[in-house]
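Reader: I'd like a close look at one part of this model. Could you walk me through it, and then show me what sits around it?

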Amino acid sequence: MKSRGGRTSRIRRRNLFRSSGSRGVNESYKPEFIELKKWLKDRRFEDTTLIPARFPGTGRGLMSKTSLQEGQTIISLPESCLLTTDTVIRSYLGAYIAKWHPPPSPLLALCTFLVSEKHAGDRSPWKPYLEVLPKAYTCPVCLEPEVVNLLPNPLKTKAWEQKSHVQEFFSSSRGFFSSLQPLFSEAVETIFSYGALRWAWCAVNTRAVYVKRPPLLCLSPEPDTCALAPYLDLLNHSPDVQVKAAFNEETRCYEIRTATRCGKHKEVFICYGPHDNHRLLLEYGFVCVSNPHACVYVSKDILVKYLPSTAKQINKKISILEDHDFIENLTFGWDGPSWRLLTALKLLCLEAEEFTCWKKVFLGEIISDTNEKTSLDVAQKICRYFIEETHAVLRKVSRMKDEKVALMNQLTLVETLRTEELKILQASAKALTTLQTAFT
């Protein structure tokens, strides 16, 4: 969610310095929201609980007009307001989709509709919604290569994979786009460009809610679960709230019910899930300050790099970790190194005469004081390495912000992510120092 100040704006505002306690400034008077409200009213939706507002910490969001109680429905959006594959099939695109083989995916159908309607401009019946969609996104697929290379290695790998995935999505769809030429006076290549499809892909990927739909014969058999939900998607994310969100088959509305109270004139949040900052950035294009689920990932090569020079049977130990699914999701968190990380290090640090006890490591048993101390020492070395690396990247980001003003928003996003990871690493280093005192 972004440009309108939504999710992308949230890169710099929402989670960059999120302050849900601040009172927002009413924006319901703005032309784009007046038109959106009229459009929604024509589709049988009127909201008496929430109003669009701008908040110091999150940018645009929705503000409560009254105090909200636990269990209260905060929004109930009729099916007629949702943009789904049914919307697309019922449109002028339906006949072209039905004729194309192999059948387009549900995602391609939605993206094609968004690009086409955006191109239609004032002629589009969806214009009031399109006007409040972000003009640009900050998912990794939209980041410049020099910015992607500033990301932590695990996220950097996924960022490049996302770029490749969307490029392949575009390349494989060009034939279908060509079949739509009779609908347009301009060449379809200029309408359905890579940039246009990338924008639509990001819109669906970052904003869609889950609504399971029966399969349509004219679409590929991939799960058809995405629906764009105008107005509802102005709600910002907070890891600190609990909500229940689902499509109500009886009322035929997508409903969100809060499980936490919210004061009058406060920003109303939803929670996208217990996601760490890597996943939030990858899927939504923002990071969350003070995210309790945030962590720093440790890769296999870093694990091995900082083992004692006397460590034996490394390959065999790595093989055991891989066989027991203990080579991934090894992390530092706010409370220190994760149990999985320490367990992996304890196994890797086993002395030759202790190696036969490796199964006990997975059971959480203490093998020896030497093993405990060595694994903590290695964890501290890895933590310090990450701290030094993060400081170096932050210095580089600072220089680039002075030199490359056009990349300011993207660089600020990386800066926020790295700053949050530095805080986590510093907290972990402190926790490790406390643990190490038992062996000094």
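Which residue caps the N-terminal end of α11, and which backbone nitrogen does its side-chain oxygen lie 2.9 Å from?

Author: The cap is D276: one of its side-chain oxygens lies 2.9 Å from the backbone nitrogen of H278. Keep in mind that this is a predicted model. Its mean pLDDT is 92, and 95% of the residues reach 70 or more. The stretch to be wary of is residues 1-21, where pLDDT stays under 50; the model still has 117 contacts for that stretch beyond four places in sequence.

Back to the helix. α11 covers residues 277-284, and it's mostly tucked away, with 6 of its 8 residues buried. The buried set starts with N277 and H278, goes on through L280, L281 and L282, and ends with Y284. So H278 turns up twice here, as a buried residue and as the one whose backbone nitrogen faces the D276 cap. At the other end, just after α11, G285 takes a positive phi of about 85°.

What does the covering? The buried residues of α11 are covered by elements including α8 (153-179), α10 (194-207) and α17 (408-436), along with the strands β7 (236-237) and β11 (296-297).

Let's follow β11 outwards. It belongs to an open sheet of 3 strands, in the order β11-β12-β13, with antiparallel pairing. β11 and β13 (336-337) stand at the edges with a single partner strand each, so one side of each has no neighbour in the sheet. Helix α16 (residues 369-403) packs on this sheet, where it touches β11 and β12, and its direction makes about 75° with that of β12. As for β12 (residues 331-333), 2 bridges join it to β13, and F332 stands opposite P337 in β13.

Now for the cysteines. The structure holds 0 disulfides. C202 is in none, and the nearest cysteine sulfur, that of C142, is 3.6 Å away; a disulfide here would need the two sulfurs within 2.5 Å. C202 counts as buried because its relative accessibility is 0%. C226 is another story: its closest cysteine sulfur, in C111, is 9.1 Å off, which is too far for a bond. With a relative accessible area of 29%, C226 is partly exposed.

Notes
Residues are numbered from 1 along each chain as its sequence is written. This is a predicted model: local features need pLDDT of at least 70, side-chain atom pairs count only at pLDDT 80 or more; totals for chains, interfaces and linings use all residues. Side-chain values use heavy atoms; hydrogens and water are left out. Buried means under 20% relative accessible area, exposed over 50%, partly exposed in between (1.4 Å probe, protein chains only). Helices (H or I, at least four residues) and strands (E, at least two) are DSSP runs, numbered from the N terminus. Contact means heavy atoms within 4.5 Å. A polar contact is a pair of N or O atoms within 3.5 Å; within protein, one must be able to donate a hydrogen and the other to accept it, and residues adjacent in sequence count only if both atoms are side-chain atoms. pLDDT is the predictor's confidence in each residue, from 0 to 100. Two strands pair if DSSP finds at least two bridges between them. Axes are lines fitted to C-alpha atoms, for helices over the stretch in contact, and angles run from 0 to 180 degrees between N-to-C directions.
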